[in-house]
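Here are some notes on the model, set out point by point for a colleague who has the coordinates open. They take up the sheets and then the contact between the chains.

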Amino acid sequence: MRSLTKIYSDGNKAVDDISFNVHEGEIFGLLGPNGAGKTTTIKMITTLAKPTSGQISVFGVDALRAPQETRRMFGFVPQAISVDGDLTGYENLLIFAKLFFVDRDERKNRILDALEYFGLADKGDVLVKNYSGGMMRRLEIAQALVNRPKILFLDEPSIGLDPYSKKQVVEQVQELNKEFGTTILITTHDMAEADALCDRLSIMNGGKIAITGAPSDLKRSVGGDVLTVKTSGHAISGMPPGLGSVVSSEPGTVKVLVEDGDTAIPRVTDYFERAGATVESVSLSRPTLDDVFMKYAQGGLDEGSFREARSTRRSIARYGR
Amino acid sequence: MNNARRFVSSALTIAEMEARKIRHDSTELWMRGVQPALWLLIFGEVFNALRGLAPGGYTYIQYIAPGVLAQSVLFIAIFYGITIVWERDVGLLTKLLSTPSPRLSVVVGKALAAGVRGVFQGIMIFALALIIGVQLRFDPLDIAGVFVVVILFAMCFAAFSMTLASLLKTRDRMMGIGQAITIPLFFASNAIYPISLMPYWLQVASRFNPLTYVVDAMRSMLLTGDYSGLPVDILALLLSTFFFIACASTVLKRLIE
């Protein structure tokens, strides 16, 4: 998936002239407020919606020209939980294995593997309507994997899950990416999740991409890591370059801006001690993806927020049945 | 696998999905048996007293048995679009369409699924007819032929219903339109009285009603054994089935956009 470009615009302009590349084997995040166009973007890539204009290329295959061929490479986990409650877990996977034309001899093994992998092996013969929300989500991801996709699309995979199930889902996604090298494209509202998972991410707003980059770079762009050092004794007012720079220095408290907070703590402490100060405590505060999100997603929030709020309510009513 | 085999395999898989659901919970099927039972037991018995309503010297209950079968399949099929809207709402449809299976095979598969339900309906009505002693020609080949017609007919109207669902998009509207369509279709057909009794304008209308051809085909196999009208019946049914399946697969993607 080298050059994924897409230009799109309709009356609504849900997605407005965006371009991005997702590299093979990475976890790529699409973040943004409700109604930013994330889901529409995924729908266009998965050939479920037709872009008004633009190009999408997936591993060299033109998604608009050869939609069926493209879909064979995909696993898709939509926003709403959409496994079939009236079938068993095994049957849900079986149907999809068949629809993805998985070889007959291989089907059963793959299904059992997938159930095993997601901790559902003993629930395979239970009707899915008797599953918990977390189990349904895991089954859903298992379902998206029966065809061994090259790219897995996860649209808000942890929405509505308790922290424990959320953590399980995140870990399994990471494992998948590491073990099988599956490229993963994920949309989420959860910044901590995005930070933990994504190699790179884009923040979308009002149908446009506000910024793209690795989480660490993005965080650095809104300010670096700051060490607050409480000392007694000798006051420090300067640091050697390469270690960090003093932002503010008051008696007993020195704030130091550093490159990487974790590795800087021992070095800064060491420097302070050697300079004759006694370090009492060091605390690290680093910008979070929340800060990045606030900075880049704020701009267009006003104009669209009314419509977005309405559409969110609608979808909650729809899924809340 | 070549394209044709893939197409057939996808369509059968989607129908299989439905059959598996029925196996897990068949309550709905039994409930759906109630209405045709009432038509046969009450309406049929009451009008049985009127001699001469049914042509060819048959009793009225014999005459309407094929009509009741056709009608109950029609009810299943015409509301099939509601299932599709529901599947859209919970995301199942999106998921089906995100598989490499061609759109057309999804429509054919869903239509076949309605056919699966229709077959169960047929079995129930045949059983009922046996129990209450309605004289039908229970010839294996004829019965098989009736099931073929049932499947085609269910596919035809399920596809019609999916087309409507793709345009109307909500369950409430589908309920409304379903009610509005079934009764005129039913009355403007030969299901419960012969066309010759109708006023002229209704006779003309009944000629454009697929239900007329279906009932005629079933009646010739179950009652008269006179197959002279059968080719026209089957042709009319095939044409309308192909037409509606083509319509549905063209507009289905509107449901998820």
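1. The model is a predicted one, and the pairing of strand 3 (residues 27-31) of chain A with strand 8 (residues 183-188) of chain A is a convenient place to begin, since these two strands run in the parallel sense and are joined over five bridges. Within this pair, Phe28(A) has Leu185(A) of strand 8 as its bridge partner.

2. Both strands belong to an open sheet of six strands in chain A, whose order is 6-7-8-3-9-10 and whose pairing is mixed. Strand 6 (74-77) and strand 10 (208-213) of chain A each have a single partner strand, and they therefore stand at the edges with one side left without a neighbour in the sheet. On average, and with direction ignored, neighbouring strands of this sheet are turned by 15 degrees against each other.

3. Chain A also holds an open sheet of four strands, in the order 12-13-11-14, and here the pairing is antiparallel. Its edges are formed by strand 12 (245-250) and strand 14 (277-285) of chain A, each of which pairs on one side only. The average turn between neighbouring strands of this sheet, direction ignored, is 20 degrees.

4. Inside this four-stranded sheet, strand 11 (residues 225-233) and strand 13 (residues 253-258) of chain A run antiparallel and are joined by six bridges, with Val229(A) standing opposite Val254(A) of strand 13. Helix 9 (residues 261-274) of chain A lies across strand 11, strand 13 and strand 14 of chain A, and its direction makes an angle of about 165 degrees with strand 14.

5. How many residues of each chain are in contact with the other chain? Chain B contributes 30 residues and chain A contributes 32, and the area buried between the two chains is about 3,000 Å², with carbon and sulfur atoms giving 60% of that area.

6. Between chain B and chain A there are five salt bridges, including the one that Glu91(A) forms with Arg20(B), in which the closest N and O atoms are 2.9 Å apart. The count of residue pairs in polar contact between the chains, both residues being at pLDDT 80 or more, is 11.

7. On the side of chain B that touches chain A, helix 1 (3-24), helix 4 (80-89) and helix 5 (92-97) of chain B each supply at least two residues, and the largest share, 11 residues, comes from helix 1 of chain B. By residue class, this side of chain B divides into 11 nonpolar, nine polar and 10 charged residues.

Conventions. Residues numbered from 1 in each chain as written. Chains lettered and ligands numbered in written order. Predicted model: local features only at pLDDT ≥ 70, side-chain atom pairs only at ≥ 80, totals over all residues. Heavy atoms only, no water. Pairing = 2+ DSSP bridges. Axes fitted to C-alpha atoms, helices over the stretch in contact; angles between N-to-C directions. Contact = heavy atoms within 4.5 Å. Buried area = accessible area lost by both parts, 1.4 Å probe. Salt bridge = Lys/Arg side-chain N within 4 Å of Asp/Glu carboxyl O. Polar contact = N/O pair within 3.5 Å; in protein donor to acceptor, adjacent residues only side chain to side chain. Nonpolar A, V, L, I, M, F, W, Y, C, P; charged D, E, K, R; others polar.
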